[in-house]
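Could you walk me through this structure in my viewer, telling me what to select next and what I will find there? A friendly tour, stop by stop, would be ideal.

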Amino acid sequence: MSHEKILIVEDEEDVLELVRYNLEKDGYLTDCATTGRAGLGKSKTGVPDLVLLDLMLPEIDGLEVCRLIKADPETAAIPVIMLTAKGTEADIVTGLEMGADDYITKPFSPRVLLARVKAVLRRHDVPDQTDTTPLRIHDIEIDPGRHRVLVRGKQVKLTSTEFNLLRFLAARPGWVFTRYQIVDAIHGNDYPVTDRSIDVQVVGLRRKLGTAGKYIETVRGVGYRFEEA
Ligand code: CA
């Protein structure tokens, strides 16, 4: 049984109850708030391990709550999962760029909710970019020391930007990154990296990876994600 505490910020009572019931059944402690202001207060005083944050909230909306949580050094490290409606990709992108860790689109099943919560809590140890230990995921091996990629034991020749792009995404399977976040992280030095050129890079990288290219998933309207093993 885990005893991590999840703060749920949601103004719709039925959604709030459903989320709380399922989290508690799974062994989590919960704390609840029904306005942005109350949620912000409890993110400081309640010391939650994770915040589930609805974006459509009275008083202060969810994006502003997310921004304030991430701007305050006291709460910046608390992972945030946004609860969003369908068709709000622009808000999702904004939230991710403000530092939200993931999002769940309503309506969602308890199974999806618990899986996302578990994944975000588990992966919150951010991998170290200076670590040169080879990374193995699915049938891909990425060796940062030798700047080498093997797919099922066979070497694949990548450009420096493609290598950095693959390494960045594969080191954080399951995370969704916006194009801007990817550009910011990889600083291509053999190619001018812009948000549009990321799409071109991904197409080239997928082609070179062959069947392993499918692990780089396009998240429509949001960005890219590497499939979890
Ligand atoms: Ca709402």
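Start by selecting Val19, Asn22 and Leu23 in helix α1, then add Pro110, Leu113, Leu114 and Val117 in helix α5; these residues meet in this predicted model. By class, this contact of α1 with α5 brings together six nonpolar residues and one polar residue, with no charged ones. Now show both helices whole, α1 as residues 13-25 and α5 as residues 110-122: they pack at an angle of about 60 degrees, and their axes are 10 Å apart. That angle makes α1 oblique to α5. Turn the view until one helix is in front of the other, and you can check that the crossing is right-handed.

**Next stop: a second helix pair**

Select α3 and α4. How do these two helices run relative to each other, roughly parallel or roughly antiparallel? Their axes cross at roughly 10 degrees and come within 9 Å. Angles under 35 degrees count as roughly parallel, and α3 and α4 are therefore roughly parallel to each other. To see the contact itself, show Leu63, Cys66, Arg67 and Lys70 from α3 together with Asp91, Thr94, Gly95 and Met98 from α4. Colour the residues of this contact by class and you get three nonpolar, two polar and three charged.

**Keep Lys70 on screen: salt bridges**

Lys70 also leads to the next partner, Asp101: the side chains of the two meet in a salt bridge, 3.6 Å from N to O. Asp101 sits in the loop between α4 (89-98) and β5, while Lys70 belongs to helix α3, so the salt bridge ties together parts that are 31 residues apart in sequence. Is Asp101 buried or exposed? With a relative accessibility of 3%, Asp101 counts as buried. Lys70 counts as buried too, at 18%.

Move on to Asp72 and Lys44, whose side chains form a salt bridge with an N to O distance of 2.5 Å. This pair links distant parts of the chain, 28 residues apart: Asp72 is in the loop between α3 (62-71) and β4 (80-84), and Lys44 is in helix α2 (residues 36-45). Asp72 is buried, with a relative accessible area of 15%, whereas Lys44 is partly exposed at 42%.

For another example, select Arg146 and Asp143, where the salt bridge spans 3.7 Å from N to O. Arg146 counts as exposed, with 58% relative accessibility, but Asp143 counts as buried, at 8%. Then select Glu10, Glu12, Asp54 and Lys106: salt bridges that share partners join these residues into one network. How many salt bridges does a search of the whole structure find? The search finds 18.

**Backbone stops**

Stay at Lys106 and look at the peptide bond to Pro107. This bond is cis, with an omega of about -5 degrees. Pro107 is placed in the loop between β5 (102-105) and α5, which takes you back towards a helix from the opening stop.

Now go to His147, in the loop between β7 (140-143) and β8 (148-151). His147 is not a glycine, yet its phi is positive, about 55 degrees. With a relative accessible area of 45%, His147 is partly exposed.

Arg152 is next, in the loop between β8 and β9 (154-156). Here too phi is positive in a residue other than glycine, with a value near 50 degrees. Arg152 counts as exposed, at 54% relative accessibility.

**Last stops: buried places**

Select Asp31 in strand β2 (residues 29-33). Asp31 is buried, with a relative accessible area of 17%. Which residues does Asp31 touch, not counting those up to four places away in sequence? Show Lys5, Ile6, Leu7, Ile8, Lys42 and Gly46 to see these contacts of Asp31.

Finish at helix α6, residues 160-170. This helix is mostly covered, with nine of its eleven residues buried. Among the buried residues of α6 are Phe163, Leu165, Leu166, Phe168, Leu169 and Ala170. Add Thr161, Glu162 and Arg167 to your selection as well, since these residues of α6 are also buried.

Notes. Residues are numbered from 1 along each chain as its sequence is written. This is a predicted model: local features need pLDDT of at least 70, side-chain atom pairs count only at pLDDT 80 or more; totals for chains, interfaces and linings use all residues. Side-chain values use heavy atoms; hydrogens and water are left out. Axes are lines fitted to C-alpha atoms, for helices over the stretch in contact, and angles run from 0 to 180 degrees between N-to-C directions. Helices (H or I, at least four residues) and strands (E, at least two) are DSSP runs, numbered from the N terminus. Angles under 35 degrees count as roughly parallel, over 145 as roughly antiparallel, 65 to 115 as roughly perpendicular and the rest as oblique. A crossing is left-handed if the near helix is turned anticlockwise from the far one by less than a right angle, and right-handed if clockwise. Contact means heavy atoms within 4.5 Å. Ala, Val, Leu, Ile, Met, Phe, Trp, Tyr, Cys and Pro count as nonpolar, Asp, Glu, Lys and Arg as charged, and the others, Gly among them, as polar. Buried means under 20% relative accessible area, exposed over 50%, partly exposed in between (1.4 Å probe, protein chains only). A salt bridge is a side-chain nitrogen of Lys or Arg within 4 Å of a carboxyl oxygen of Asp or Glu.
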